Amino acid sequence: MKLNIKDKFNNLLPSDPLLENSRRQVSEACFSYVKPKQTAKPEILHVSPEMLENLGISEDDAKSEAFLNVFTGNKVLENTNPYAMCYGGHQFGNWAGQLGDGRAINLCEVQHNDKNWALQLKGAGETPYSRTADGLAVLRSSIREYLCSEAMFHLGVSTTRALSLALSGDQVLRDVMYDGNAAYEKGAIVCRTAESFLRFGNYQIFAARQDEANLKILVDYTIKYHFSHLGEPSKETYIAFFREVANRTLNMIIHWQRVGFVHGVMNTDNMSILGLTIDYGPYGWLEGYDYGWTPNTTDRQHKRYRYGNQPNIGLWNLLQLANAIYPLIEEAEPLETILNQYKTDFESESLSMMRSKLGLYIEDENDQKLIQDLEDNLHLTETDMTIFFRNLADFKMEDASKGLKIIHNAFYKPDEVIGNIKKRWEDWFLGYSERLQKETFSDVERKMKMNQVNPKYVLRNYMAQLAIDDADKGDYALIDELFNMLKKPYGEQPEYEKWFAKRPDWARHKVGCSMLSCSS
């Protein structure tokens with residue numbers, strides 16, 4: 001197996017001078033060298049053919065012992081020096097100090113077809129940043145990350161990706177619900193990939209320690225290798241850099257809102273500087289359309305990271321990044337202008353996104369009210385977001401009376417759609433019908449366009465849980481089925497029709513299907 005290794009991060013940035021793998025505060029360094037843990041009996045469960053191609057790895061190589069050993073941490077590639085990144089972050093709004101890669105180990109960077117890919121093992125053992133944890137991951141969370149990152153890519157959402165999913169052969173002790181009932185689970189390792197795994201927290205840690213020299217080194221490095229189109233480092237370049245990070249972050253969150261994805265842990269250490277969805281922990285897709293829903297048990301009380309608040313949290317996190325790089329600019333106004341622009345852009349981009357979901361392509365001054373009325377209606381009784389918008393494409397503008405019938409399957413409790421609720425829906429469909437008559441597309445053309453932005457298939461938590469339950473018994477077929485189905489989330493795929501369905505009742509309150517913890 002030959003890879004075109006082009007390491008930069010660990011060759012060009014300051015490293016931790018201590019080589020021992022002990023928990024500690026690491027200062028004046030971007031990373032610490034660390035070797036993955038040897039595993040007992042590793043086994044590759046699934047590999048992404050697309051990522052093999054992106055990295056220049058053949059399918060034969062993927063079946064080799066060398067591939068197995070490298071991507072389960074049992075062998076370090078020649079001329080590489082694995083490492084864990086140092087970063088800090090705000091967790092649930094509070095500064096947490098040093099965090100770092102506690103269970104992620106970066107293997108190397110690979111260049112193929114003029115693209116740069118960093119390869120990182122998640123769950124491959126302790127690092128100086130593991131704090132009180134063991135640096136390992138379990139099969140359930142690894143399946144969720146492996147499937148979801150690839151699913152998000154095919155949904156058109158900026159994301160990290162996954163190369164491989166493997167069993168380590170070790171048992172890992174976890175307390176899933178933090179209730180004192182710890183149990184051993186199958187250990188697993190995901191190899192995830194991205195152009196870079198740099199986070200807001202990488203910059204925050206230097207700012208918090210008033211280490212402006214290393215802050216500048218890291219920002220200059222980031223611009224040179226990931227934002228090179230901005231030119232040589234200068235005050236103006238730093239401002240342009242922050243503007244682009246803000247724009248990428250906004251774009252990512254708009255797409256989250258479009259497909260109904262809720263990240264669950266939007267801490268600043270989980271925010272990619274490249275605007276990628278990163279760190280798939282207790283995420284989920286909206287089942288019932290609900291602005292107040294969060295998939296994270298830790299966030300159940302305050303719901304900081306609920307679906308409807310994600311755009312605001314993106315802005316709050318960007319403010320923390322602005323504070324971190326301020327010492328390089330020493331001028332607040334340009335940063336404040338960018339943050340204010342984010343608010344303005346979110347309003348316009350969100351309106352544009354919702355128009356596309358409704359098949360509206362000519363702007364109308366009453367669209368905001370039509371959309372607000374729809375969102376109010378969707379909250380009247382539990383209504384499945386994915387099914388509602390997908391079925392809405394079948395609506396015919398001259399037949400408003402059939403609107404409720406078209407979306408009937410989206411209601412979790414159809415018996416509740418009576419009286420005032422029914423009337424509000426009927427009124428909305430009348431208004432929607434009148435609005436569509438101002439458009440130039442036919443019903444058939446509109447349906448085609450709506451189906452390109454409203455997915456038919458998303459990785460609902462109960463689907464992932466079914467794959468996890470099977471995998472715990474040694475059956476990995478469902479992982480492969482979901483992986484392949486989620487490559488074409490906007491396609492009809494009649495062979496997978498059983499997955500175009502509301503969350504079943506048994507999954508409503510089941511652990512792993514409704515709420516999840518950060519435990520992995």
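Q: What makes the link between the side chain of Thr294 and the backbone nitrogen of Asn296 a polar contact?
A: In this predicted model, the Thr294 side chain comes to 3.3 Å from the backbone nitrogen of Asn296. The cut-off for a pair of N or O atoms is within 3.5 Å, so this pair qualifies as a polar contact.

Q: Why is Thr294 called buried?
A: Its relative accessibility is 2%, and buried means under 20%, so Thr294 counts as buried. As for its setting, Thr294 belongs to the loop between strand S12 (284-285) and helix H9 (310-329).

Q: Why is Pro334 called buried?
A: Pro334 has a relative accessible area of 16%; that is under 20%, so the label buried applies. This proline is part of helix H10 (residues 332-358). If you want to place it against another residue, Pro334 and Val190 are 144 residues apart in sequence, and their C-alpha atoms are 40 Å apart in space.

Q: How many cavities of 30 Å³ or more are there?
A: There are four of them. The largest holds about 70 Å³ of space, and the second largest has a volume of about 50 Å³.

Q: What makes the lining of the largest cavity count as six nonpolar, four polar and two charged residues?
A: The lining residues are Phe9, Tyr83, Met85, Asn106, Glu109, Asn116, Ala118, Glu195, Ser196, Phe197, Tyr221 and His226. Glu counts as charged, so Glu109 and Glu195 fall in that class. Phe, Tyr, Met and Ala count as nonpolar, while Asn106, Asn116, Ser196 and His226 are polar. Strands S3 (83-85), S6 (104-112) and S7 (115-122) and helix H7 (212-226) each give at least two residues to this lining.

Q: Which elements give two or more residues to the lining of the second largest cavity?
A: Among the residues lining the second largest cavity are Lys37, Asp170, Gly187 and Ile189. Strand S9 (161-174) and strand S10 (183-194) are the elements that give two or more residues to the lining. By class, this lining has six nonpolar, four polar and two charged residues.

Q: Which residues have the most contacts inside the largest nonpolar core?
A: They are Phe9, Phe71, Trp285, Leu392, Trp425, Tyr432 and Leu482, in a core of 158 residues. Helix H8 (residues 235-259) provides the largest share of this core, twelve residues.

Q: Which residues is Tyr432 in contact with, leaving aside its neighbours within four places in sequence?
A: Tyr432 is in contact with Leu358, Leu360, Leu370, Leu392, Phe395, Arg446 and Met450. Each has heavy atoms within 4.5 Å of Tyr432, so the word contact applies.

Note on methods
Residues numbered from 1 in each chain as written. Predicted model: local features only at pLDDT ≥ 70, side-chain atom pairs only at ≥ 80, totals over all residues. Heavy atoms only, no water. Helix = DSSP H or I, 4+ residues; strand = E, 2+ residues; numbered from the N terminus. Buried < 20%, exposed > 50% of the residue type's maximum accessible area, 1.4 Å probe, protein only. Polar contact = N/O pair within 3.5 Å; in protein donor to acceptor, adjacent residues only side chain to side chain. 1 Å grid on protein atoms, 1.4 Å probe; cavity = no way out; pocket = protein on both sides within 12 Å on 5 of 7 lines; lining within 4 Å. Points joined across faces, edges and corners; volume = space filled by probe spheres on them. Core = buried A, V, L, I, M, F, W, Y, C linked by side-chain atoms within 4.5 Å.
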